[in-house]
Amino acid sequence: MATVTRVLPWRRSAAPVHTEIQGVVDRYKARWPRSSSELLVRAYETANAAHEGQRRKSGEAYILHPVAVASVVAEMGLDDVSIAAALLHDAVEDTSAELADIQREFGHDVAALVDGVTKLDRVRFATCLLYTSDAADEEDSVDLGGRRII
């Protein structure tokens, strides 16, 4: 008898979601309701394992930072690849995880985003665009004492 290698969409079970990333998954699903959260769960599990035992100066588990970044990215409405990269962004810098491992496990797109984020500290910005007009969109700006960064 032949082995079935595909599962009908309505019979697929969702990957179990860890409570630490439930909010991230909820934000993602609000924007992408028909998409699977499986990539997010795998990225979290990989990042959590990579950061196992690491603590911030405050004493909290290091994984809380990548989860917080992923939450912001999910709130922005970005896709699962971007959120996975947010979860994994410190794994290459701060653990023994290699970029090649990320690429093998998560694909070129996630690895390229992780690699790009790890290089951001080397970028030097010569200028910052400041607007002082009240016409600037309030949602897309940051108030800095009368000046807005858009």
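The side chain of Asp90 makes a polar contact with the side chain of His65, at 3.4 Å. Here a polar contact is a pair of N or O atoms within 3.5 Å; within protein, one must be able to donate a hydrogen and the other to accept it, and residues adjacent in sequence count only if both atoms are side-chain atoms. Keep in mind that this is a predicted model, where local features need pLDDT of at least 70, side-chain atom pairs count only at pLDDT 80 or more, and totals for chains, interfaces and linings use all residues. Residues are numbered from 1 along each chain as its sequence is written, and side-chain values use heavy atoms, with hydrogens and water left out.

**Around Asp90**

Asp90 sits in the loop between helix 4 (80-88) and helix 5. Helices are DSSP runs of H or I with at least four residues, strands are runs of E with at least two, and both are numbered from the N terminus. Is Asp90 buried or exposed? Asp90 counts as buried because its relative accessibility is 5%. The cut-offs are under 20% relative accessible area for buried, over 50% for exposed, and partly exposed in between, using a 1.4 Å probe and protein chains only.

The side chain of Asp90 also has a polar contact of 2.7 Å with the side chain of Tyr62. Setting aside neighbours within four places in sequence, Asp90 is in contact (heavy atoms within 4.5 Å) with His51, Tyr62, His65 and Thr95. Further along the chain, Val114 is 24 residues from Asp90, and their C-alpha atoms are 8.2 Å apart.

**His51 and Thr95**

Two of those partners deserve their own look. His51 is in the loop between helix 2 (38-50) and helix 3 (64-75), and at 3% relative accessibility it is buried. Not counting residues up to four places away in sequence, His51 touches Tyr62, Ile63, Pro66, Asp90, Ala91, Asp94 and Thr95. The side chain of His51 is also joined to that of Gln54 by a polar contact.

Thr95 belongs to the loop between helix 5 (91-94) and helix 6. With 18% relative accessibility, Thr95 counts as buried too. Leaving out residues up to four places away, Thr95 touches Ala50, His51, Gln54 and Asp90. The side chain of Thr95 has polar partners in the backbone as well: the oxygen of Ala91 and the nitrogen of Ala97.

Here are the polar distances for this part of the chain:

| Pair | Distance |
|---|---|
| Asp90 side chain and Tyr62 side chain | 2.7 Å |
| Asp90 side chain and His65 side chain | 3.4 Å |
| His51 side chain and Gln54 side chain | 2.5 Å |
| Thr95 side chain and Ala91 backbone oxygen | 2.3 Å |
| Thr95 side chain and Ala97 backbone nitrogen | 3.1 Å |

Asp94, in helix 5, is partly exposed, with a relative accessible area of 34%. Asp94 touches His51, Gln54 and Tyr62, again not counting residues up to four places away in sequence. Asp94 and Ala50 are 44 residues apart in sequence, yet 8.7 Å apart in space, C-alpha to C-alpha.

**Helices 6 and 7**

Two packed helices are described by the angle between their axes and the distance between the axes. For helix 6 (residues 99-106) and helix 7 (residues 108-118), the axes come within 7 Å and cross at roughly 150°. The axes are lines fitted to C-alpha atoms, for helices over the stretch in contact, and angles run from 0 to 180 degrees between N-to-C directions. That crossing makes helix 6 roughly antiparallel to helix 7, a label for angles over 145 degrees (under 35 is roughly parallel, 65 to 115 roughly perpendicular, and the rest oblique).

Which residues meet here? Leu99, Ile102, Gln103 and Phe106 in helix 6 meet His108, Val110, Ala111, Val114 and Asp115 in helix 7. By class, this contact has six nonpolar, two polar and one charged residues. Ala, Val, Leu, Ile, Met, Phe, Trp, Tyr, Cys and Pro count as nonpolar, Asp, Glu, Lys and Arg as charged, and the others, Gly among them, as polar.

Val117 is in helix 7 as well, and is partly exposed at 36% relative accessibility. Its C-alpha lies 9.9 Å from that of Glu93, 24 residues away in sequence.

**The whole chain**

The protein chain has seven helices and three strands, with the helices ahead of the strands from the N terminus on: α-α-α-α-α-α-α-β-β-β. Buried residues make up 29% of its 150 residues.
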